[in-house]
Amino acid sequence: MTPDPWDAEAQRLDAADPLHGFRDRFVGSETPLVYFDGNSLGRPPKATVDRLPAFVAEQWGGRLIRGWDESWMSLPFEIGDEIGRSVIGAAPGQTVVGDSTTVLLYKLLRAAFDARHAEDPARVEIVVDRDNFPTDRYLVEGIAAERGGRVRWIDVDLSAGVTADGLAAAVGPETAVVLLSQVAYRSGFLADTATLTRIAHDAGALTVWDLCHSAGSVPVALDEWGVDLAVGCTYKYLNGGPGSPAFAYVAGRLQASLAQPIQGWMGAADVFSMGPVYAPADGMRRFLSGTPPIIGMLAMQDTLAMIADAGIEAIRAKSTALTEFAVRLSDELLAPLGVAVASPRDPAFRGGHVTLSHPSMREVTARLWEHDVIPDYRDPGGLRIGLSPLSTSFAEVVDGMRAVERAVRGLSGT
Ligand SMILES: *Cc1c(COP(=O)(O)O)cnc(C)c1O
């Protein structure tokens, strides 16, 4: 029997894929389960299976409180610098691993708003798009209320994202800070970060970039693009595990002029002097608040090593090939069933996932999960196909897309 042409093509693409070998380094990659949600929670690296118990036995168990002096105090900065180098294009001393994404975004957004507003009291607006991730929108509303500011909303096409024209129309002499996502969580739209940052700067505003859906799948060059501040997740494409702490980037030129609102002892100039009043540390330490979650920082180190090894450009090339393949499969297998691609078709404007829309997608997702095919669902009617480049094979994409086809057919009675 001759193989199905899609299987044959997947085989050819996997054989030619220079990153194919990385897949074996993830837990579960040898099973038939199809994982389309590495953009929400990455698979664990196999190296992590040994790293965690070794830490408990040797570091925590053996070094006990001495571990803080010996290595843990500097770990948030060391891993931050590694993220800077391999993932986000940041020179050392500008990135730290700390709290959750939400808390770090709050700290940086408020610091940026306060700094700009203090310099120029006319600057009272925080600009954000209506389709940004909920936490981003909620934070902006909260900070505006807390600081006597205003939210300036940008309307966007749900299958796309914030464009240069859209941002240019929203910023002006009243803008303090602009908060945008590099890759839109719903559509996968990849924003032109350099251009949008320039537009915000020309209007006199600071920028905060949310890198949750881009860090580890899309090349990022924060220093080169002149970005001011950024925050990103580590449990998505950096495989840090559920709830692993986020990272924050603050451009060196701004660090001394920003004051973050959660003044804790770990951000103080001399942590163990236990002094009577808070004085912020120099550099990135001032953006920490309390004791860093060291155990949560263990797993991401295994993926950071793989990213350094593979190179983010090669990762992006594979990511583009995977999403392109998924779009072609969707056009052939699913478009006849009424499924539409709700992501940019031009890969230059698309991150690492593809969203497919159809009224039955909520039920489709539930049915797929029962059969070990795991995408996720986002309203309205969007099935997100997340294709984590290091752990996903082209054969997996074909298997998963066929399962989507069966589920849509089954639920729509065709
Ligand atoms: C996943 C995600 C978050 C998550 O924030 P947490 O504080 O980690 O829950 C925030 N922003 C975006 C754009 C995301 O995709």
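This passage describes the surroundings of the ligand, the packing of one helix against two others, and two backbone features in a predicted model.

The ligand has 13 residues around it, and of these Thr102, Asp210, His213, Tyr235 and Lys236 come nearest. By class, the residues of this shell divide into four nonpolar, six polar and three charged. Several polar side chains can be placed at stated distances from atoms of the ligand. An N or O atom in the side chain of Thr102 is 2.6 Å from an oxygen atom of the ligand, while a polar side-chain atom of His213 lies 3.2 Å from an oxygen atom of the ligand. For Asp136, the partner is a nitrogen atom of the ligand, which lies 3.3 Å from a polar atom of the side chain. On its own the ligand has 390 Å² of accessible area, and the protein covers 85% of that area. The elements that give two or more residues to the shell around the ligand are helix H5, spanning residues 101-119, and helix H6, spanning residues 134-147.

Helix H1, formed by residues 5-16, packs with helix H14, formed by residues 394-412, and the axes of the two come within 7 Å and cross at roughly 155°. Because angles over 145 degrees count as roughly antiparallel, H1 and H14 are described as roughly antiparallel to each other. In this contact, Trp6, Asp7, Ala10, Leu13 and Asp14 of H1 meet Phe394, Ala395, Val398 and Arg402 of H14. The contact of H1 with H14 has six nonpolar residues, three charged residues and no polar ones.

H1 also packs with helix H12, which comprises residues 312-334, at an angle of about 180° and with the axes 13 Å apart. H1 and H12 are therefore likewise roughly antiparallel to each other. From H1, the residues Trp6, Glu9, Ala10 and Leu13 meet Phe325, Arg328, Leu329, Glu332 and Leu333 in H12. By class, the contact of H1 with H12 has six nonpolar, no polar and three charged residues.

Two features of the backbone may be read against a general background, namely that most residues other than glycine have a negative phi and that most peptide bonds are trans. The peptide bond from Asp379 to Pro380 is cis, with omega near -10°, and Pro380 is found in the loop between strand E12 (376-378) and strand E13 (382-386). Asn239, a residue other than glycine, has a positive phi, with a value near 55°. Asn239 lies in the loop that runs between strand E7 (229-232) and strand E8 (247-250).

Methods. Residues are numbered from 1 along each chain as its sequence is written. This is a predicted model: local features need pLDDT of at least 70, side-chain atom pairs count only at pLDDT 80 or more; totals for chains, interfaces and linings use all residues. Side-chain values use heavy atoms; hydrogens and water are left out. A residue is near a molecule or strand if one of its heavy atoms lies within 4 Å of it. A polar contact is a pair of N or O atoms within 3.5 Å; within protein, one must be able to donate a hydrogen and the other to accept it, and residues adjacent in sequence count only if both atoms are side-chain atoms. Accessible areas come from the Shrake-Rupley method with a 1.4 Å probe; for residues, only the protein chains shown count as cover. Helices (H or I, at least four residues) and strands (E, at least two) are DSSP runs, numbered from the N terminus. Ala, Val, Leu, Ile, Met, Phe, Trp, Tyr, Cys and Pro count as nonpolar, Asp, Glu, Lys and Arg as charged, and the others, Gly among them, as polar. Axes are lines fitted to C-alpha atoms, for helices over the stretch in contact, and angles run from 0 to 180 degrees between N-to-C directions. Angles under 35 degrees count as roughly parallel, over 145 as roughly antiparallel, 65 to 115 as roughly perpendicular and the rest as oblique. Contact means heavy atoms within 4.5 Å.
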